[in-house]
Amino acid sequence: MILTVDVGNTRIKAAVFEGNIILENFVFEKNELEKKIKKILEKFQNCSDLVVASVGSVEKQSFLTFENQLNIHFLTHEDVFPFANKYATPKTLGIDRMVLAAGATLQFPKQNRLVVDAGTCITYDFIDENDNYLGGAISPGLRLRYEALHNYTAKLPLLTFEVPELYIGNSTAQAIHSGVVNGFVYEIDGFIDEYRANFSNFIIILTGGDAEFLAKRLKNTIFANSNFLLESLNQTFQYKIDND
Ligand SMILES: Nc1ncnc2c1ncn2[C@@H]1O[C@H](COP(=O)(O)OP(=O)(O)OP(=O)(O)O)[C@@H](O)[C@H]1O
Ligand SMILES: CC(C)(CO)[C@@H](O)C(=O)NCCC(=O)O
Ligand SMILES: [K+]
């Protein structure tokens, strides 16, 4: 059994795998990290390896208390990945994006792949059919957009996600919901259209905290899987074992 941990900028997600099957999913806050992992390992005593991708402030040290229970793999740029990294600044590429790209490369061989991760930030990652990672885009995620409008103005309230009734928002609240939620959907559809116009033989994978909502709203049809990063962590680890 493998315990995979995704430390995002907002929260931590984890899953226990037996082969390719998820036995259980977990979501928790950073300050609960040690307590929660301890609990997971009490329940799943056959876990042999812990695989972590962290883009948050959690460092490798936070996992070392579990070192005598199982092997710790804190993924970095030094690990082996199944694609050629053509990013101009490969060392600053987020480890979550590298893991997503690895999952896309391994799961969807010999085709162009676009991974859209709608989390704290929206990230777009493109790996071509020859397994070259080319880059993509980073933009503010849904909640970040609501927060930015409030934090950087005097008059805009902090609202939480609500599906707008209209695209012509007829009140402050409806205008904000329309701008944030419709803008978010239009952005993603716009990017997908652009990629589709330039590449054929093409798969789009959608994941992240807002994937479920998006899957219903996008005009483009896509492969949506909220667990794609955790599944990709499991696959990246298997790949590392086979190729190290
Ligand atoms: N309970 C929740 N807490 C925070 N965000 C949530 C929650 N449920 C859904 N979301 C949505 O998920 C988005 C954050 O996504 P996610 O949890 O994947 O971010 P994250 O933990 O920072 O991960 P990553 O850094 O990998 O994007 C927010 O925009 C928000 O709309
Ligand atoms: C963009 C985020 C915050 C998304 O989680 C993460 O991948 C990150 O911190 N990336 C570093 C910058 C880059 O990927 O080029
Ligand atoms: K993200």
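In this predicted model, a good place to begin is Thr 10, where a backbone N or O atom lies 2.9 Å from an oxygen atom of ligand 1. Arg 143 also approaches the ligand through its backbone, with an N or O atom 3.3 Å from an oxygen atom of ligand 1, whereas Asp 210 uses its side chain, a polar atom of which lies 2.7 Å from an oxygen atom of ligand 1. Taken alone, ligand 1 exposes 620 Å², and the protein buries 77% of that.

Those three residues belong to a longer list, since the residues around ligand 1 are Gly 8, Asn 9, Thr 10, Arg 11, Lys 13, Gly 119, Thr 120, Leu 142, Arg 143, Gly 208, Gly 209 and Asp 210. Sorted by character, this shell divides into one nonpolar residue, seven polar residues and four charged residues. The space that ligand 1 takes up is the largest pocket.

To see how this site fits into the whole chain, it helps to turn to the domains. The domain assignment divides the protein chain into domain 1, covering 2-74, and domain 2, covering 84-234. The C-alpha centres of domain 1 and domain 2 lie 25 Å apart, and the two are in contact through 20 residues of domain 1 and twelve residues of domain 2. Where does ligand 1 lie with respect to domain 1 and domain 2? Because both domain 1 (2-74) and domain 2 (84-234) give residues to the shell around ligand 1, the ligand lies between them.

Ligand 2 can be read in the same manner. Its surroundings are formed by Asn 9, Val 55, Tyr 87, Thr 92, Leu 93, Gly 94, Asp 96, Arg 97, Thr 123 and Ile 138. Asn 9 is thus found around ligand 2 and is also listed among the residues around ligand 1. The shell around ligand 2 divides into four nonpolar, four polar and two charged residues.

Within this second shell, the backbone of Thr 92 places an N or O atom 3.4 Å from an oxygen atom of ligand 2, and the backbone of Gly 94 places an N or O atom 2.9 Å from an oxygen atom of ligand 2. Asp 96 contributes through its side chain, where a polar atom lies 2.6 Å from an oxygen atom of ligand 2. On its own, ligand 2 exposes 390 Å², of which the protein buries 75%. The space taken by ligand 2, too, is the largest pocket, as was stated for ligand 1.

Notes
Residues numbered from 1 in each chain as written. Chains lettered and ligands numbered in written order. Predicted model: local features only at pLDDT ≥ 70, side-chain atom pairs only at ≥ 80, totals over all residues. Heavy atoms only, no water. Near = heavy atom within 4 Å. Polar contact = N/O pair within 3.5 Å; in protein donor to acceptor, adjacent residues only side chain to side chain. Areas by Shrake-Rupley, 256 points an atom, 1.4 Å probe, with all protein chains shown as cover. 1 Å grid on protein atoms, 1.4 Å probe; cavity = no way out; pocket = protein on both sides within 12 Å on 5 of 7 lines; lining within 4 Å. Sits in = over half its atoms within 2 Å of the grid points. Nonpolar A, V, L, I, M, F, W, Y, C, P; charged D, E, K, R; others polar. Domains from an automatic or database assignment. Contact = heavy atoms within 4.5 Å.
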